[in-house]
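Reader: I should like to learn how to read the features of a helical model, beginning with the chain and ending with a contact between chains.

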Amino acid sequence: MARGLSPLMRMGKKYGLEWWILLIGAVIILAIIIMAIFPGAFAPFNPHDQNTGPQLLPPGGSHLMGTDNLHRDVWSRIVYGSQTIMRIAILAAILSSFSGISLGLISGFSGGILDRILSLIMDSVYVFPGLILAIAFAAMFGPGVFNITLAVAVIYIPTYFRLVRGQTLSIKEELYVEAARSIGASSFTILWKYIFPNVIATTVVVFTLNVADAIMIEAALTYLGLGLPPSIVDWGMDLAMGKKFLPSGQWWLITFPGAMISILALGFTMLGEGLAEILNPRLLER
Amino acid sequence: MVLILLSILFVVLRLTPGDPVSAMLGGHAPERVIEQKKEELGLNRPMVIQYLDYLWQVCRLDLGESMVFKQRVTTAIAEKLPATIELTFFGLIITLFLGVFMGAYAADRRRQIQDSAIRLYGIVVYCIPVYWMGLMLQLIFGIWLDILPIAGRTGPRVFASTFEKTGFYILDTILVRDFSALGDVMIHLILPSFTLGLVLSGIFVRLTRANMLDVLRADYIIAAEARGIRHRKIVYKHALKNAFIPILTMMGLQVALLMAGAVLTETTFSWPGMGRLLLERIYLRDYPTIQGTIIVFALIVASVSLIVDIIYAIVDPRIRY
């Protein structure tokens, strides 16, 4: 065991705080992923079960985090809720990175009027408050898991687009791209085989931070009551429900779902931060 | 930029299912009544005509009339906008104060325990959703300690109508010299603005720290150090002043985050501002008001970046346009 840990310690010595940040982030994410995949192993009750005990029971005993106003077990709802938020946040990040990267590649590579128009649209979406845009989209698409994923995904496309477009512009001038062109490689080959692999590395960090952000946006939308039907277990919706019981002092209804949102977002942020600093040693001097 | 957002919004709003007329009249209104109402609101015209018509309206600074209430959209917004500006203004001050000083301190103590602690604070605080922060502060200070109000802009015994002029309650109460009301308004501002300020301070901690590290390495800092100027004065006066310019630029970009945070804070604290207006009207599918609100948000973002550019030139005499 000690031997198994030693490479981890060595890395810790080499990179200092960044490495520990990365490690803690990874552990948090892993724990919550396991929880989302095997909810039965962690949750003592069905999240919809309205016969788990008295209503509004404080934490303790057989109800680790108490019960809500509908007699449901808060801890079980948190375990099952992790599935919803993880699925939406990761899917949204994949969707937006996919479209953002491909649009950025095409726009940067082809240039011209297409590039001009795309950049203009992306820039205006980029500077606008993301959440407000997501609210507008979520409201228009109506409730549903896929609709909310889409609403969250839309606001992150410009982030990838700007990053990838900028890099494509500079890579396209590199000598090896010119060499490829001179031996008659098609545009698609150049984009896919020469430019894309050089661009993808930087997007990894952005992706991780993007998931963290998407988690908070998703929870914000469901907290505001936009996004999901009540049959789905979700942290943001539990938080909104718990809010009604705040004046009467039922603190556990808001404390735990909110803490989980923060912890999960924290996990992805820490992973991203750690990755950013380790992948980019120039920053280490700071 | 405003135009583009407007166009995207217009198209998506009209293409999505669910129309305001059936929402307004209830699901079981007879076909004839629905058609009549649509005709009245001009929803039966071709989309391009509707779009051009709307653009022309916006150019005249007329955001149209609410589809649900008999009220101009501009009136509704004018009523709510001061509340949002008041909230974001104080939130921003708290953020800047906390973020800039902590960031500068961390940069000064680079790689020491204080630095690590502040950097962790920056990351953790960034990951706390604004609404949860608001709820927890409400719980602690409003319910458990019972020292601060948790909702609204004024208490039950203070009537805004007695002093309301501009809608900025702090300004209004000072204008009519009603100081007990001023105190009440201030107390109601504490929790919401701290919620907003705390959450955003994380970003500023990081920004300030990074910029300060660059500045602290500059030759003139070493020169100042060599001349024997007190260390504290060098860090917080010489260095911070120079690090402030990039921070200012970023501040312009963070306004978007501030606005988003304000929407959530308003919901949590029942703060009658733009965010609440937007959400209320979304439930009612009141297109003109939704569009109007979003336009105003876009205008705010655009004008703030203009203001930042102007301040930029004032703060740094080297910049000339």
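Author: The dialogue below takes up the fold, one helix and the contact in turn. This is a predicted model, in which local features need pLDDT of at least 70 and side-chain atom pairs count only at pLDDT 80 or more, while totals for chains, interfaces and linings use all residues. Residues are numbered from 1 along each chain as its sequence is written, and chains are lettered from A and ligands numbered from 1 in the order in which they are written.

Reader: How many helices and strands are there in chain A?

Author: Helices (H or I, at least four residues) and strands (E, at least two) are DSSP runs, numbered from the N terminus. Chain A has twelve helices and zero strands.

Reader: Which residues of α2(A) are buried?

Author: A residue is buried if 20 or more other C-beta atoms lie within 10 Å of its own, and exposed if 12 or fewer do, with C-beta atoms placed from the backbone. An α-helix has 3.6 residues a turn, so residues three or four places apart point the same way. In α2(A), the buried residues are E18(A), I21(A), L22(A), G25(A), I29(A), I32(A) and M35(A). They fall within an arc of 160° (of the directions from the helix axis to the C-beta atoms), so they line one face of the helix. Exposed L30(A) and I37(A) lie on the face turned away from the buried side.

Reader: How many residues does each chain bring to the contact?

Author: Two residues are in contact if their C-beta atoms, placed from the backbone, lie within 7 Å. Chain A and chain B bring 38 residues each. On the side of chain B that touches chain A, α7(B) gives the most, with seven residues.
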